[in-house]
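Welcome, and take a moment to settle in before the tour begins. Please have a look at the sequence and the model below, and then read on.

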Amino acid sequence: MRIGTGIPKLDSLMQGGFLEHSFNLIKGTQGAGKTLFAVNYLLYHAKAGKEVLYVSMEESWDNIVKNLPEGMKKTYEEVKDRVHHLDFGSIRPLLGKDVLDVNLLAEVITTNMGVHKTNIIALDGIAPLSPKYGTLQDLRAAIFELSHRIKRAGGTMLFTSEGRSAGAEEYVADSVLVLYYDGIHRRIQILKMRGSDFVYGKHGFKISNNGLEVYPSILPKVEPQKPQTVKFGIKGMEKILGNIYTGDVTLLTGPPGTGKTLMAYYFLNEAAKKGEKCVYVSFAFPEKDVLKRVKDLGFNLSTCKIIYQDPFNFDPYEFMWKALKELNNAKRVVLDGINEVEMNDEIRKVYHEFLKNLKERNILTLITYTTPTIISSYSLGNVNVIYLVDNIIDLRYAEIGAELRKVMVVIKSSSVNYERGIIEYEVGKDGIKLLGKAEYLEGIISGIPRRLEMKKRVEKFFK
Ligand SMILES: Nc1ncnc2c1ncn2[C@@H]1O[C@H](COP(=O)(O)OP(=O)(O)OP(=O)(O)O)[C@@H](O)[C@H]1O
Ligand SMILES: [Mg+2]
């Protein structure tokens, strides 16, 4: 049997939670959330009707309650009859100066476990034990003794530590969870779990007014379905890209003003006109701006959920789980302007997981990426999810005569029968129109397009 950690999504990463009758370490620096984690563990079980016990080594219980996020405070008010606390700060004078002797500590805790009929315990802050036990061996032995006595009394205990005592706690603990906080993002990692498998690596962790939330680095698996061919949503696009299948991910790259977002609206419109659900994530414009633009252009994307993701406040784990909520039955997803978020290894890994999940769900996905320079040789910058992308279409400006024209070229396609040539297109008042093969140009991809010869454009390419 497993004992829930208090956060169901975390339980799902460790086969259901803590082992029964175990001693579990929550490690983290100051402000990482150890105390809140410990209290959340107790409140979760108190809510389920159990008696629970909080042992405070440093902070007073009143102070802890005062600083709880609103949601947790509310829960506490509902279940406070079942939440018992042992305030060592205040009972210390009754026990004499040796209160931090491990035998006494174990005695007081196990006695209270008996009195309150509880086996769910949190001991917040193990540091006050260490002064009495000078060597690492002594400290280990002391913590081991504490652990042994509490487990023998039937307890499943969580204890917190800043982890300064060079591994004494880790060694004794049956499981070790680490909380990280860099001042912007919080992460949680399962470091050890005796006798059981768990999901490695860091996961998103959030403290808000609602309480604690874990955003796992992996998404629930979906049974992949058979892909079907679909239309992109722009007339003639299939001729350029070859067959497009559900589950395909298409990357649209190009400088500002080449029509990437407009193409994305066409792409979504194709689903919306059939009443299919879709999700549009903008990294650039708040929802109301998107709605206005969509309306001005005459699109009806009423079946689309529009999400604005502030690129300066981007936590990839939280984003992935927020988006996941909208994916049920969605047929298309657009991530518009992923370049707005600076890429790093963590984000890359999360995109990998997210795109893989979109594929499994047979969702047709379009990603747009704005390249920084107007005319340059082709570079995918640091997009770096390329191996998960089925199609890449690069949009470009071509300076011809006195005009800046627009062309596109397929860099990669999941289909064999895609167009290898360079296609001129137009973004006019009637929207996007593919004009034909720009056979009169050369040097487009190298960055300096030149006119090959006078108007040898293949007319009626798309009749
Ligand atoms: N309502 C809230 N919304 C967002 N963050 C909150 C909220 N309430 C508390 N926090 C954050 O939670 C953290 C406090 O967590 P906690 O007291 O559990 O940390 P700790 O690891 O026990 O620290 P210490 O080592 O100092 O005891 C702080 O970083 C605080 O900013
Ligand atoms: Mg604390």
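The sections below walk through this structure one region at a time.

## Before you start

Please keep in mind that this is a predicted model. Residue numbers start from 1 along the chain as its sequence is written, so you can follow each stop on the tour directly.

## The nine-stranded sheet

Let us begin with a sheet. Nine strands make up this open sheet, and their order across it is 16-15-17-18-14-19-20-21-22. The pairing within the sheet is mixed. Strand 16 (304-308) and strand 22 (431-437) each have a single partner strand, so one side of each is left without a neighbour in the sheet. On average, neighbouring strands here are turned by 20 degrees against each other, with direction ignored.

Towards one edge, strand 21 (residues 423-428) and strand 22 run antiparallel and are joined by six bridges. If you would like a spot to find on screen, look for E424, which stands opposite G436 in strand 22. As general background, the strands of a sheet pair through backbone hydrogen bonds, either parallel or antiparallel.

## A helix and a disulfide at the other edge

Now move to strand 16. Helix 11 (residues 287-296) lies across strand 15 (277-282) and strand 16. The helix runs at about 135 degrees to strand 16.

How many disulfides does the model have? The count comes to one disulfide. This disulfide joins C278 to C304, with the sulfur atoms 2.1 Å from each other. The pair links distant parts of the chain, with C278 in strand 15 and C304 in strand 16, 26 residues apart. The angle about the S-S bond is -65 degrees, and the link of C278 and C304 is left-handed. Both C278 and C304 are buried.

## Two residues around strand 14

Strand 14 gives us two residues to compare. Is L251 buried or exposed? L251 is found in strand 14, and with a relative accessible area of 0% this residue is buried, because buried means under 20%. Along the chain, L251 and N391 are 140 residues apart, yet their C-alpha atoms are separated by 6.1 Å.

G257 sits in the loop between strand 14 (249-254) and helix 10 (260-272). G257 has a relative accessible area of 54%, so this glycine counts as exposed, the cut-off being over 50%. Leaving aside residues up to four places away in sequence, G257 touches Y397 and K406. The C-alpha atoms of G257 and N417 are separated by 29 Å, and these two residues are 160 residues apart along the chain.

## Strand 7 and its partners

Next, turn to an earlier part of the chain. Strand 7 (residues 156-161) is mostly covered, with six of its six residues buried. T156, L158 and T160 point one way from strand 7, while M157, F159 and S161 point the other way.

Strand 3 (residues 23-28) runs parallel to strand 7, and five bridges join the two. Within that pairing, L25 has F159 as its bridge partner. Strand 6 (residues 120-124) also runs parallel to strand 7, with four bridges between them. Here I121 is matched with M157.

## Strands 4 and 5, and a threonine in helix 4

Another parallel pair is formed by strand 4 (residues 52-56) and strand 5 (residues 83-87), which are joined by five bridges. Y54 has H85 in strand 5 as its bridge partner. Four of the five residues in strand 5 are buried, so this strand is mostly covered.

Between these strands in the numbering you will come to T75, which is part of helix 4 (residues 70-79). At 16% relative accessibility, T75 counts as buried. The side chain of T75 reaches the backbone oxygen of G71 at 3.0 Å. T75 also touches L43 and K47, not counting residues up to four places away in sequence.

## Around ligand 1

The last stop is the ligand. Which residues are closest to ligand 1? Of the 14 residues that surround ligand 1, the closest are G31, K34, T35, L36 and R186.

Some polar side chains can be placed by distance. An N or O atom in the side chain of T35 is 2.7 Å from an oxygen atom of ligand 1. For R186, a side-chain N or O atom is likewise 2.7 Å from an oxygen atom of the ligand. N209 has a polar side-chain atom 2.9 Å from a nitrogen atom of ligand 1.

Note on methods
Chains lettered and ligands numbered in written order. Predicted model: local features only at pLDDT ≥ 70, side-chain atom pairs only at ≥ 80, totals over all residues. Heavy atoms only, no water. Pairing = 2+ DSSP bridges. Axes fitted to C-alpha atoms, helices over the stretch in contact; angles between N-to-C directions. Contact = heavy atoms within 4.5 Å. Disulfide = S-S within 2.5 Å. Buried < 20%, exposed > 50% of the residue type's maximum accessible area, 1.4 Å probe, protein only. Near = heavy atom within 4 Å. Polar contact = N/O pair within 3.5 Å; in protein donor to acceptor, adjacent residues only side chain to side chain.
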